[in-house]
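Let's take a walk through this model, going from the sheets to the helix that touches them and then to the ligand. Keep the 3D view open and turn it as you read.

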Amino acid sequence: MTSTPVAVEIRSISKQFILRHSRSIKEAVVWLAQGRRKDLSNRFHALKDITLDIAQGETVALLGLNGSGKSTLLKHISGVMTPDEGTVRTRGRVAGLIEVGAGFHPDLSGRDNVFLNGAILGMTEQQLKERFESIVEFAEIEQFIDTEVKFYSSGMYLRLAFSVAVHSDPEVFLVDEILAVGDEPFQRKCLEKIGELVDAGQTLVVVSHDLELVQRVCRRGIVLEHGNVVFDGDVSEAVSVVRSR
Ligand SMILES: Nc1ncnc2c1ncn2[C@@H]1O[C@H](COP(=O)(O)OP(=O)(O)OP(=O)(O)O)[C@@H](O)[C@H]1O
C-alpha cells in the first residue's frame, strides 16, 4: 500500500513576538531601582506548539479570528519566518502570495521584476524567457510592463505577483487574503487557475475570512485561536466552528 506523501510537515512550532510599550520615566526609574528585574517588554505567543501534516494534493484553509495566527503560520510554511522552537519541512517548490509587493523591487520595471521574482521562486532564465509572454498575458498588464512597479496600484502588483507565482509550477501554493485586492473578474480568473493547480495535484494552503469562498476551494479547515489549533477537519465543520466564536 502506498500512502500520499507529506507536502508540509510541521512539528511543535512556537513563535513569540515582543510587544514594546512606551514607559514613563517614573516606570523606567523604578525598573532601574529594582535592579532591572522585570522585562520592560511583554512577550506573547503568536503560535503555540503546533504540529500538523499537510499531504500532497490537499486543499487547506487556515481560519480564525483576527490575530489568531493564520498569517504567521502561513509565513512559517513559506519560509519567510522561522520558528523559535520546532521544525517546518516542505517538499518541492513553495510559492504563493503572502504580502502584496513582497519580492518585488519598487525601482525596477514590471519586466525586470518578473525575472527577479521568478528567479527567487526558482525558475531558470530560460524558463522565464519561455514563460514571459504568458506571465504578462495572464496578468493583463502589457501596457505597463516597462513601468517601474512603484507606480503600480495594489491590484496591478497582485496581478503580476500571482501570475509569476502560478507560472513557477509550485508543488505547494500559498495564498493569503490578498486576492481580495484584485477586481472581481481577476479574482474569478485566479480561482479558476487555482482550481487547475489543484486538479493537477498541487497542494493549496489558503488564509481567508471569506468563508463561502474557502468552502468552494478547500476540503480541509484548520481553525486557529490565540495561536492554538482548536479544530482540524472538514472545511464546512471548520466554518461552523469559526461562525460560533
Ligand atoms: N512581525 C511581528 N511582530 C510582532 N507581532 C506580530 C508580527 N507578526 C504578527 N504579529 C502578531 O501576531 C499575532 C498573530 O498575527 P497574524 O497576522 O498571524 O494573525 P491573523 O490570524 O493572520 O490575523 P488577521 O485575520 O487579522 O489577518 C497578532 O497579534 C499580530 O499582531
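**Two sheets, one helix and a ligand**

Start with the open sheet built from 3 strands, which line up in the order S2-S1-S4 with antiparallel pairing. Strand S2 (42-55) and strand S4 (85-90) sit at the edges with a single partner strand each, so one side of each has no neighbour in the sheet. Going from one strand to the next, the twist averages 20°. Bear in mind that all of this is a predicted model.

Now look at how S1 and S2 go together. Strand S1 (residues 6-19) pairs with S2 in the antiparallel sense, over 10 bridges. If you want a spot to zoom in on, take Ile13, whose bridge partner in S2 is Ile50. Helix H2 packs on this sheet, where H2 touches S1, S2 and S4. The direction of H2 makes about 60° with that of S2.

While you're in S1, have a look at Ser12, which lies in that strand. Its phi is near 45°, a positive value in a residue other than glycine. Is Ser12 buried or exposed? With 12 other C-beta atoms within 10 Å, Ser12 counts as exposed.

On to the other sheet. Here 6 strands form an open sheet with mixed pairing, in the order S5-S6-S7-S3-S8-S9. The edges belong to strand S5 (94-97) and strand S9 (228-234), each of which pairs on one side only. Ignoring direction, neighbouring strands of this sheet are turned by 20° against each other on average. At the S5 edge, S5 and strand S6 (residues 172-175) run parallel and are joined by 4 bridges. In that pair, Gly96 stands opposite Leu174 in S6.

H2 turns up again here: the helix packs on this sheet too, touching strand S3 (59-64), S5, S6, strand S7 (203-207) and strand S8 (220-225). This time the direction of H2 makes about 150° with that of S7.

How much of H2 is covered? The helix is mostly covered, with 8 of its 9 residues buried. Among the buried ones are Lys70, Thr72, Leu73 and Leu74, along with Lys75, His76, Ile77 and Ser78. Just after H2 comes Gly79, which takes a positive phi of about 95°.

H2 also leads us to the ligand. Which residues surround the ligand? They are Phe17, Ala46, Gly64, Asn66, Gly67, Ser68, Gly69, Lys70, Ser71 and Thr72. Helix H2 (residues 70-78) gives the most to this shell, with 3 residues. By type, the shell divides into 2 nonpolar, 7 polar and 1 charged.

One more stop: the loop between helix H5 (154-166) and S6, where you'll find Asp169. Asp169 has a positive phi of about 50° although it is not a glycine. It has 18 C-beta neighbours inside 10 Å, so it counts as partly exposed. Asp169 and Ile98 are 71 residues apart in sequence, and their C-alpha atoms are 17 Å apart in space.

Finally, a word on confidence. The protein has a mean pLDDT of 90, and 95% of its residues reach 70 or more. The model scores ipTM 0.96 and pTM 0.87. Where pLDDT is low, the predicted coordinates shouldn't be read in detail.

Conventions:
Residues numbered from 1 in each chain as written. Predicted model: local features only at pLDDT ≥ 70, side-chain atom pairs only at ≥ 80, totals over all residues. Near = placed C-beta within 6 Å. Helix = DSSP H or I, 4+ residues; strand = E, 2+ residues; numbered from the N terminus. Nonpolar A, V, L, I, M, F, W, Y, C, P; charged D, E, K, R; others polar. pLDDT = per-residue confidence, 0-100. Pairing = 2+ DSSP bridges. Axes fitted to C-alpha atoms, helices over the stretch in contact; angles between N-to-C directions. Contact = placed C-beta atoms within 7 Å. Buried ≥ 20, exposed ≤ 12 C-beta atoms within 10 Å, placed from the backbone.
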